[in-house]
Amino acid sequence: MEINDFYSELLIEYANDPVYQGIINAPDFHQELLNPLCGDRISICGTIVNHKIDTIKFQGQGCAISKASSAILCSLNKNCELAKSEKLIELFERMIFGKDLSEDEWMLLGDAKILAGVAKIPGRQRCALLAWENLKKALAERQ
């Protein structure tokens, strides 16, 4: 797969969508990670109410893949129970590393499926995973 074949219109829309970009005052979780290979820096913050992610936002600099992945993560995890968020993170990681998913698991990923092609571009896997690793680490630190 050529990298230019990967960039879909939907991926670019997510990368440029400001809906989930920003900061949250007094977040219940916050995590920032850097991809030293390409310089992407993404932070994730959010609030939790009744064991659900109530609000979630990201900010940072990065390529279209890391920004789109961050926006998709926020979209999928807003109003999501913490256990389901942990499951989504696991499924996304498996997809990015080219592991098989059941049809039901595949459906849970929603628009994140547009990033499935990253599995064939090993140099970009970290870009797609950065936000998801942030959320995984942030949720683990809360426990």
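From the N terminus onward, the secondary structure elements of the chain follow the order α-α-β-β-β-α-β-α-α-α. In total there are six helices and four strands. The model shown here is a predicted one, and every value below was computed from it.

The overall form of the chain may be considered before its parts. Along its principal axes, the C-alpha trace spans about 40 × 35 × 25 Å. A compact globule with 143 residues would have a radius of gyration near 15 Å, and the chain has 14 Å, which agrees with that expectation. Of these 143 residues, 43% count as buried. The contacts tell a further part of the story: among those with a separation of 6 or more, 59% are between residues 24 or more positions apart.

The surface and the charges complete this general view. The accessible surface of the chain comes to about 7,400 Å², and 49% of that area belongs to carbon and sulfur atoms. The chain carries 16 positive and 20 negative charges, and the mean positions of the two groups are 4 Å apart.

Helix α2 offers a clear first example of how a single element is arranged. The helix covers residues 9-16, and within it Leu11, Tyr14 and Ala15 are buried. Seen down the axis of α2, the buried residues fall within an arc of 100 degrees, so they line one face of the helix. On the face turned away from this buried side, α2 carries the exposed residues Glu9 and Asn16.

The next subject is strand β2, which comprises residues 41-49 and contains Ser43. Is Ser43 buried or exposed? Ser43 has a relative accessible area of 7% and is therefore buried, since the term applies to values under 20%. Leaving out residues up to four places away in sequence, Ser43 touches His30, Gln31, Glu32, Lys57, Phe58, Gln59 and Asn134. Two of these partners, Lys57 and Gln59, are found in strand β3, and both are examined below.

Strand β3 comprises residues 52-61, and Lys57 is found in it. With a relative accessibility of 24%, Lys57 counts as partly exposed. Which residues does Lys57 touch, not counting those up to four places away in sequence? The list consists of Val19, Tyr20, Gln21, Gly22, Ile23, Ile24, Ser43, Ile44, Cys45 and Cys74. One of these residues, Cys45, is 12 residues apart from Lys57 along the chain, and the C-alpha atoms of the two are separated by 5.6 Å.

Gln59 is also a residue of strand β3. Its relative accessible area is 36%, so Gln59 is partly exposed. Apart from residues up to four places away in sequence, Gln59 touches Gly22, Ile23, Arg41, Ile42 and Ser43. Gln59 may also be compared in position with Tyr20: the two are 39 residues apart in sequence, and their C-alpha atoms are 8.4 Å apart in space.

A third residue of strand β3 is Lys52. Lys52 is partly exposed, with a relative accessible area of 35%. When its neighbours within four places in sequence are left aside, Lys52 is in contact with Thr47, Asn79, Cys80, Glu81 and Leu82. Lys52 and Lys78 are 26 residues apart in sequence, while the distance from C-alpha to C-alpha is 8.1 Å.

Two asparagines in loops deserve attention for their backbone geometry. Where is Asn50 placed in the chain? Asn50 lies in the loop between β2 and β3. Although Asn50 is not a glycine, it has a positive phi of about 50 degrees. Its relative accessible area is 71%, so Asn50 is exposed; the cut-off for this term is over 50%.

The second of these residues is Asn79, one of the contacts of Lys52. Asn79 is placed in the loop between α3 (64-77) and β4 (80-81). Asn79 likewise is not a glycine, and its phi is positive, at about 60 degrees. At 47% relative accessibility, Asn79 counts as partly exposed.

How values were computed: Residues are numbered from 1 along each chain as its sequence is written. This is a predicted model: local features need pLDDT of at least 70, side-chain atom pairs count only at pLDDT 80 or more; totals for chains, interfaces and linings use all residues. Side-chain values use heavy atoms; hydrogens and water are left out. The radius of gyration is taken over C-alpha atoms; the globule rule is 2.2 Å times the number of residues to the power 0.38. Buried means under 20% relative accessible area, exposed over 50%, partly exposed in between (1.4 Å probe, protein chains only). Contact means heavy atoms within 4.5 Å. Accessible areas come from the Shrake-Rupley method with a 1.4 Å probe; for residues, only the protein chains shown count as cover. Lys and Arg count as positive and Asp and Glu as negative; His and the chain ends are not counted. The place of a charge is taken as NZ of Lys, CZ of Arg, CG of Asp or CD of Glu. The arc is that of the directions from the helix axis to the C-beta atoms.
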